[in-house]
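Work through the exercises below with the sequence and the structure at hand, and try each task before reading its solution.

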Amino acid sequence: MSQRGARITGWASALPDNVVTNHDLEKTLDTTHEWIVERTGIHSRHIGGTTASLSVESGGKAIARAGLTPADIDIVVLATTTPDRQVPATASTVQQELGIKGGAFDINAACSGFVYGLTVGNGLVATGAQHVLVIGTDTLRTITDWDDRSTAVLFADGSGSMVLSATDGPSNILGTSLTSDGSLERLLFAERGGNLQMVGKEVFRNAVGYMVGTSRDALHKAGVTIDDISLVVPHQANIRIIEAACRRLGVEMDNVAIVLDHTGNTSSASVPLAFVEAEAAGRVAPGDLILMTGFGAGMTAASAVIRWDP
Ligand code: UT7
């Protein structure tokens with residue numbers, strides 16, 4: 001039986017122009033640049049745009065990068081926890097603005113959303129789609145209490161996209177692992193119309209375990225070990241979470257993609273944003289294996305092992 005796998009053929013990101021530094025936040029919050037850098041690794045973040053506008057920018061660039069036109073895209077999968085409206089899905093706005101004729105829907109798996117989206121896209125390609133646009137976008141500023149120093153210093157806006165295209169043979173998404181532990185919902189949530197509430201220390205503690213657990217599961221399913229991985233692309237929430245997870249996985253920080261110093265935590269966008277910068281810096285070569293791993297509210301976690309074969 002012939003196989004129908006997926007390859008990543010396009011990738012791009014988008015950040016709003018407006019940069020907010022820690023020093024800017026010092027003016028309105030009881031915080032310091034030094035505290036934020038020491039506890040999180042964040043120096044500045046981008047704030048602005050809508051989930052649709054950022055998605056259109058990164059999605060459009062990813063389609064062009066793949067050498068395709070919007071007419072070639074069969075389905076838009078938009079991972080977001082901050083849709084512009086309750087109904088319809090923001091993916092439909094993106095579809096319309098990009099001039100795509102295919103299907104469109106949102107998924108919400110919080111900060112694990114992009115890796116969930118890639119997994120869904122992989123399945124859509126396996127069952128007949130030719131080209132799937134997977135987007136991760138969040139405008140977390142819209143659900144952040146800017147007077148709450150425990151969250152306002154962390155969250156920001158951004159977008160990243162990848163095009164998955166059908167290929168003869170096995171998929172380059174070699175193994176995935178998706179989990180959720182709904183019993184931990186109270187650790188990070190926003191009621192409808194409300195702002196994010198977080199028990200930061202508990203999120204931290206659980207995040208490390210779930211990133212490591214889903215990473216090991218995805219590696220096992222891919223039939224590879226951590227030593228085969230050239231680049232780890234983690235969710236960008238806190239440099240200390242990433243360091244702790246990588247220590248447990250046995251990964252050197254030189255092999256980890258980091259952008260949170262200048263992006264903050266952009267939720268669904270953080271993994272593709274980090275990947276796009278690493279690729280632009282020449283940190284991946286054809287044939288390399290990449291581990292993408294994220295965690296977030298829900299409490300969700302998701303990891304994927306991908307062979308880079310653009
Ligand atoms: O995508 C997933 C989203 N969320 C996360 O990944 C968050 C995971 N958690 C974290 O990243 C960390 O727990 C935080 C960065 C949120 C907090 O760091 P921490 O080292 O766990 O600090 P803490 O909560 O234990 O707070 C230490 C102190 C407290 O003061 P006291 O009680 O020791 O007097 C806080 O009130 O730091 C205080 N504090 C701040 N001080 C200055 C909390 N936020 C700030 C702030 N500036 N922005």
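## Exercises on the domain interface

**Exercise 1.** Find how many residues of each domain are in contact with the other, and place the two domains along the chain.

*Solution.* In this predicted model, 52 residues of domain 1 are in contact with 42 residues of domain 2. Turning to the chain itself, domain 1 covers 4-168, and domain 2 covers 173-307. Their C-alpha centres, finally, lie 15 Å apart.

**Exercise 2.** State how much area the two domains bury between them, and name the residues of domain 1 that lose the most area to domain 2.

*Solution.* Begin with the total: domain 1 and domain 2 bury about 3,600 Å² between them, and 64% of this area is on carbon and sulfur atoms. Then look at the side of domain 1, where Cys111, Val115 and Tyr116 lose the most area to domain 2, together accounting for 17% of what that side buries.

**Exercise 3.** Identify the salt bridge between the domains, and describe the side of domain 1 that touches domain 2.

*Solution.* The count between the domains is one salt bridge. The side chains of Arg65 and Glu279 meet in a salt bridge at 3.9 Å, N to O, which fits the cut-off of 4 Å. In addition, 19 residue pairs are in polar contact across the interface. Among the elements that give two or more residues to the side of domain 1 touching domain 2 are strand 1 (4-14), helix 5 (113-126) and strand 7 (157-168). The residues of that side divide into 22 nonpolar, 23 polar and seven charged.

How values were computed:
Residues are numbered from 1 along each chain as its sequence is written. This is a predicted model: local features need pLDDT of at least 70, side-chain atom pairs count only at pLDDT 80 or more; totals for chains, interfaces and linings use all residues. Side-chain values use heavy atoms; hydrogens and water are left out. Domain bounds come from an automatic or database domain assignment. Contact means heavy atoms within 4.5 Å. Buried area is the accessible area (1.4 Å probe) that two parts lose on being put together, summed over both. A polar contact is a pair of N or O atoms within 3.5 Å; within protein, one must be able to donate a hydrogen and the other to accept it, and residues adjacent in sequence count only if both atoms are side-chain atoms. Helices (H or I, at least four residues) and strands (E, at least two) are DSSP runs, numbered from the N terminus. Ala, Val, Leu, Ile, Met, Phe, Trp, Tyr, Cys and Pro count as nonpolar, Asp, Glu, Lys and Arg as charged, and the others, Gly among them, as polar.
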